[in-house]
Structure formats: structure tokens, C-alpha cells
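This report introduces a protein model to a reader who has not met it before. The sequence and the structure are shown first, and the description follows.

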Amino acid sequence: MRLTLWTGFWVFLVDQATKYLVVHALGLMDRLHMDVLPGVLSFRMAWNRGVNFGLFAGFDMRWALIGLALAISAAVLVWIARDGGGRMARISAGLLVGGALGNVIDRVLYGAVADFLNLTCCGIDNPYAFNVADIAIFLGAVGLVLFGGDKAQPRRRPGPDGAGPRSKRGTKSP
């Protein structure tokens, strides 16, 4: 559980630090667009009031989305606390929870999530922006799908001959 909490903490911290740096310190809120690597990466200010890709942005879902993010984060933490999971599952849970909480803070403070990363390639104009929290949520969700079923294996004592688990009484061995 400690690994999950530390991962979540660092994701949350990096997300909030990058948002502050880009949106406020570099003035993206006023400038709205900055080329970082022309043709590949730019900072494009977008306030996402909805869910992924701005879906449902026309509805005031702020508090519903905050509640949903907090409920999912709590459920993931309870799941990891109960079942443990392997190292990658615990890291994935931390990525998801840290990213979700980073976006929750945005919704509480601004009423929307601050998105600013915009990737383009090969002359295709990508209209969507995202942030570090979105990346962490995506990687955490994929990681939980891939590694969530890996439970930490209990340590087994060797059997009487020193190899393999002890056989249970009353069972025949082959």
C-alpha cells in the first residue's frame, strides 16, 4: 500500500506543478497557445468541464465528476489494501489515484480541468489537449487491467523433503 500512496503522491505533485508552471508562470491562460516543439508539441490552453475529449462539457457535471473520481479512487485504494496485488498493480493504482486527485483539485479550484499538452504529427492538427494527470490515469487504468489480477503470492514453507509446498493431511501425492 505504501508504494501505491507514494506513487499517487508524486503523480499528484508533478501534475499540479506542471499545471502551475505552464498555466500561471508561463502565462498560458492569457496567451492560449505556445509552440514548444513546432509540428510536434505545443501548449494549448483548454478548460475541460466535461470528461475525456470534453464530452458532456455542456452540462454542469463538476460535482458529479468530483464525486465519481473520489469514489473510484477510494474503491481502487480499498481493493489494493485488501488484495495487495503485485508491484505493477500497486504502481498502476497509484498512477490512477494520483491523476484522479490532480484533476479533482482543478475542478474544485477552477470548475474545470486545466489541459495544456497538445501533440501533433505529420501535418495533422490535433484539436485535443490533455495534462499529466490524464496520462497517469490512462496508464494506471491500463496497468490495472494488465496487472490487477496478479495477487502477491503468500510465502510457502518447503515440504518435509525441502522441495515444494507441504502437502495437506489426508491428500495423496502422485
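Of the 174 residues in the protein chain, 33% are buried. The model is a predicted one, and the account below moves from the overall layout to the sheet, the helices and a few individual residues.

**Overall layout**

The protein chain contains five helices and three strands. Read from the N terminus, its elements follow the order α-α-β-β-α-α-β-α. Among the contacts in the protein chain with a separation of 6 or more, 65% are made by residues 24 or more positions apart.

**The sheet**

The three strands make an open sheet, ordered β1-β2-β3, with antiparallel pairing. Its edge strands are β1 (33–37) and β3 (113–119), each of which pairs on one side only. From one strand to the next, the twist averages 30°.

Two pairings hold the description of the sheet together. Strands β1 and β2 pair in the antiparallel sense over four bridges, and Asp35 has Ser42 in β2 as its bridge partner. The hairpin of β1 and β2 has three residues between the strands, and Gly39 in this hairpin takes a positive phi near 85°.

The second pairing joins strand β2 (residues 41–48) to β3, again in the antiparallel sense, over six bridges. The table lists residue pairs from this part of the sheet.

| Residue | Residue opposite, in β3 |
|---|---|
| Ser42 | Asn118 |
| Phe43 | Leu117 |
| Asn48 | Val113 |

Ser42 thus appears in two places: it is the bridge partner of Asp35, and it stands opposite Asn118 in β3.

Although β3 is an edge strand, six of its seven residues are buried, so β3 is largely enclosed by the rest of the structure. Two helices lie across this region of the sheet. Helix α1 (residues 2–25) lies across β2 and β3 and runs at about 80° to β3. Helix α4 also lies across β2 and β3, running at about 125° to β3.

**The packing of α3 and α4**

Two packed helices are described by the angle between their axes and the distance between the axes. For helix α3 (residues 62–83) and helix α4 (residues 87–110), the angle is about 160° and the axes are 9 Å apart. An angle over 145° counts as roughly antiparallel, and α3 and α4 are therefore roughly antiparallel to each other. Their crossing is left-handed.

Which residues bring α3 and α4 together? On the α3 side they are Arg62, Leu65, Ile66, Ala69, Leu70, Ile72, Ser73, Val76, Leu77 and Ile80, and these meet Ala89, Arg90, Ala93, Leu96, Val97, Ala100, Leu101, Val104, Arg107 and Val108 in α4. By character, the residues of this contact between α3 and α4 comprise 16 nonpolar, one polar and three charged.

**Individual residues**

Three residues show how single positions fit into this framework.

Ser92 belongs to helix α4. Its relative accessible area is 4%; since buried means under 20%, Ser92 is buried. Apart from its neighbours within four places in sequence, Ser92 is in contact with Gly140, Gly143, Leu144 and Phe147.

Lys19 is placed in helix α1. Is this lysine buried or exposed? At 4% relative accessibility, Lys19 counts as buried. When its neighbours within four places in sequence are set aside, Lys19 is in contact with His24, Gly102, Asn103, Asp106, Val113, Ala114, Phe116, Asn131 and Ala133. One of these contact residues, Gly102, is 83 residues away from Lys19 along the chain, yet the C-alpha atoms of Lys19 and Gly102 are separated by 9.7 Å. Another of them, Val113, is also the bridge partner of Asn48.

Leu32 is found in the loop between α2 (28–31) and β1. Leu32 is not a glycine, but it has a positive phi of about 70°. With a relative accessible area of 48%, Leu32 is partly exposed.

**Summary**

In this predicted model, five helices accompany three strands, and the strands form an open antiparallel sheet. Both α1 and α4 lie across β2 and β3, while α4 also packs with α3 at an angle of about 160°. The strand β3 is largely enclosed, with six of its seven residues buried.

How values were computed
Residues are numbered from 1 along each chain as its sequence is written. This is a predicted model: local features need pLDDT of at least 70, side-chain atom pairs count only at pLDDT 80 or more; totals for chains, interfaces and linings use all residues. Side-chain values use heavy atoms; hydrogens and water are left out. Axes are lines fitted to C-alpha atoms, for helices over the stretch in contact, and angles run from 0 to 180 degrees between N-to-C directions. Angles under 35 degrees count as roughly parallel, over 145 as roughly antiparallel, 65 to 115 as roughly perpendicular and the rest as oblique. A crossing is left-handed if the near helix is turned anticlockwise from the far one by less than a right angle, and right-handed if clockwise. Contact means heavy atoms within 4.5 Å. Ala, Val, Leu, Ile, Met, Phe, Trp, Tyr, Cys and Pro count as nonpolar, Asp, Glu, Lys and Arg as charged, and the others, Gly among them, as polar. Buried means under 20% relative accessible area, exposed over 50%, partly exposed in between (1.4 Å probe, protein chains only). Two strands pair if DSSP finds at least two bridges between them.
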